[in-house]
Amino acid sequence: MSHLPRSFLPGLIAVLLLGAAIPLRLMAQAAATATLSGRVQHGASGSALENARVTLAGTSREAFTDAFGEFRFTQVAAGPVTVQVFYTGLSPQAATLTVAAGETARRDFVLVPVAAGRTTTGADGVLKLDQFIVDSARDTSAASIAINEQRFAGNIKTVLHTDALGDIIQNNLGEFVKYLPGVDVGTDQMNAVQIGLRGLPSNYTNIALDGDDVNAAASAGPTRNTLLQAFSLNNASRVEIYKVPTPDMSAASLGGSINMVSRTAFEASRPEFRFKAYVNKNKWDLPFNRQPGGGDGDDQKRVYHYEPDFDFAYTVPVSKTFGFSVNAVKNDQFNVARRINRTFNTTTTAANPLRATVDNPYLTTFQYNVFPVFERRYTLGTRLDWKASPVDTFSFSYSGNWLVQDYEQHNFILNTGTNPLAWGPDFTYGRPGSGAVNVNNTARYVRVRNNIFRLSYRHIGSLWDVTANLGYNFSDQTYRANSHRQFETAAARMQGMTIDFDGFTAHLPGRISVRNAAGQSVDPLQVQNYNFFLNGANTTRDNDSTAKSARLDVKRKFFTDTTSFAVKSGLSTNETYRARRSATFTPVYVGPDRVANTADDSVARSPIDLTNYAMLDYFMPRNAPQPQYVSSRRAWELYEQYPQYFDTTANLRADLRSDAVNTEQITERID
């Protein structure tokens, strides 16, 4: 802690001195006082109620229940005492009992929803509840917990119990909070990947687990963004959204912060096992047989686009002082994105007698894209809670998340070129030799891992509250293509063509006419008419992130006959290490004659059939014409068997430079 500012010390010393100034008269009266404790639980679900307010009538003394639902008062004057319990959304209760000097009295409370009726105590001392139906006890309990948390919060926050919105696809935090006001969720493909609050960018929103900030390795360079791909809600009991920070929160959370509170064993009064099994199927991919897409880097492999999935949560309160919970998730999801892009132009040369305008542009490019993605997600989490004494609790939690994403992006691009011969609202006639047709595939295999460890201690005493946390978090994210025996950017093209569109619409290119330099018609849907080439670099990215944190908060409470107040101070340190390394491999296809862009580069003359037969099974957007694509896996096999057809030195300088300049590390420490 050598980096702690000196200004921290006066505040900490002041707190310690205040604690030392305990009135001597309390010590003298210790023998004439008693201890009062108890537990507050939900009458319908039986779960412990955390943060229920318990007060002693006629005094300013109050306490809030801990995660076990327990409360405790010391130095209670002997004799009759009335205990009042309040929890938002539940019927308040009060009980009068007599406590003897030097002894410990106990009184437990069972609260029921306001709409469920009253509770009374019979002559035999048995607690009796009015009749009510518990068909929605789980939802009612979740709502009560959330409302009560918001009511007694020290600042403005929104609290949602994870049971409140039903089943959440992928157990994704972003899918859970995206409908709330002031929450902006960023998406990538079929995932919610980042969250911004109050209109600020996502890198100004902190995401925490049990109050400690967490992080995940970035997809590009080091950033403060916390990507959601490596988190799961299955281990969380509730989600807290803070839009107004308090002094004990991170100063980096300019937009706000989101805290996931992990599930404790004492949320249930008895062992509870929740299990769900399901199959996730996309209605746009209905066949139940093996299909291409998602073949672990092999674009010719056929796999089932649905797999048995499950999630479960096992909660066990072993005793009144110890309990644990275990949860796991397996989620698989397949999706196909189909997109159409059109590009219009208003530029012509001075020699062209025709002039394009904003009101009369010409269609230059017609492109459609087919993007199959297969995603596999796995999560394992656990939490152990041990109540070492009535006022001391130790907790340990672990959350591990793994994500594997396999995708291919296929593009068919028709470009008439600029300065056309003629055009109109539904046609473009390209100038001879100025057009080009491309078919290409960008393929990647992405893996994300995230592991979070938390150890916490909490002391809730009559005068002192102490909380301490230790955290460790490590994460990595890798992008691969070559290591899975595929080129990232395998492509084919026809250049120097004359291209006409006749009768195009917003979705379809109409009749396509492609002619070569000799004026002969060429079929753009047959890949054998193209020349093979590698469209750009094959990039490998390795991103790592490690975070270590420690935190101590001390709170001193003061009570008089009419008022109560508290003084709180704390220390924290957080060190985050982020690193990335990005390298490229950019060979050039030169074919048998060792010269690029010549006739022998033709797909038809390749010793290996480069046709991507798997993509012939995919229908195009809006039933557009079905082109043939090049296979990234078959292109790699060509490289393996005929390495002399590839020039690996032409871009060697750029590859070496990429490896050197795209390697960076950054360490940040905040005390």
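The following paragraphs describe the confidence, fold, cores, cavities and selected residues of a predicted model.

Residues are numbered from 1 along each chain as its sequence is written, and side-chain values use heavy atoms, with hydrogens and water left out. Because the model is predicted, local features need pLDDT of at least 70 and side-chain atom pairs count only at pLDDT 80 or more, while totals for chains, interfaces and linings use all residues.

Confidence comes first. The protein chain has an average pLDDT (the predictor's confidence in each residue, from 0 to 100) of 83, and 88% of the residues score at least 70. Strand S26 (residues 427-429) has the highest confidence, at 96, and helix H2 (residues 24-28) the lowest, at a mean of 41; helices (H or I, at least four residues) and strands (E, at least two) are DSSP runs, numbered from the N terminus. Two stretches stay under a pLDDT of 50: residues 14-30, with 13 contacts beyond four places in sequence, and residues 132-140, with 11 such contacts. Contact here means heavy atoms within 4.5 Å. Where pLDDT is low, the predicted coordinates should not be read in detail.

At the level of the whole chain, six helices and 36 strands are assigned. Of the 671 residues, 49% are buried, that is, under 20% relative accessible area (exposed is over 50% and partly exposed in between, with a 1.4 Å probe and protein chains only). Among contacts with a separation of 6 or more, 71% join residues 24 or more positions apart.

One open sheet has five strands in the order S11-S16-S17-S14-S15, with mixed pairing; two strands pair if DSSP finds at least two bridges between them. Its edges are S11 (157-161) and S15 (212-213), each of which pairs on one side only. Within this sheet, S14 (residues 205-209) and S17 (residues 256-262) run in the parallel sense over five bridges, and Thr205 stands opposite Gly256.

The largest nonpolar core (buried Ala, Val, Leu, Ile, Met, Phe, Trp, Tyr and Cys residues joined through side-chain atoms within 4.5 Å) holds 42 residues, and the members touching the most others are Phe412, Val437, Phe487, Tyr530, Phe532, Leu638 and Phe646. Elements giving two or more residues to this core include S22 (322-345), S29 (489-502) and helix H5 (632-641). The largest share, six residues, comes from S29. Beyond four places in sequence, Phe646 has contacts that include Phe487, Phe532, Pro587, Arg594 and Leu638. A second, separate core of 23 residues includes Ile195, Ile207, Leu209 and Leu233.

Leu209 also lines the largest cavity, along with Phe231, Ser232, Asn235, Ala236, Met260, Ser399, Asn401 and Ile452. This cavity encloses about 70 Å³, and two cavities of 30 Å³ or more are counted in total. On a 1 Å grid over the protein atoms alone, a cavity is a set of points where a 1.4 Å probe fits but cannot get out, and lining residues have an atom within 4 Å of a point. Grid points are joined across faces, edges and corners, and a volume is the space filled by probe spheres set on the points.

Two further residues can be placed in their strands. Ser549 lies in S32 (residues 538-559) and counts as buried because its relative accessibility is 14%. Beyond four places in sequence, Ser549 is in contact with Asp212, Asn469, Leu470, Gly471, Thr573 and Asn574. Gly570, in S33 (residues 564-585), has 31% relative accessibility and so counts as partly exposed. Beyond four places in sequence, Gly570 is in contact with Leu552 and Asp553; the C-alpha atoms of Gly570 and Asp553 are separated by 4.1 Å, although the two residues are 17 apart along the chain.

Note on methods:
1 Å grid on protein atoms, 1.4 Å probe; cavity = no way out; pocket = protein on both sides within 12 Å on 5 of 7 lines; lining within 4 Å.
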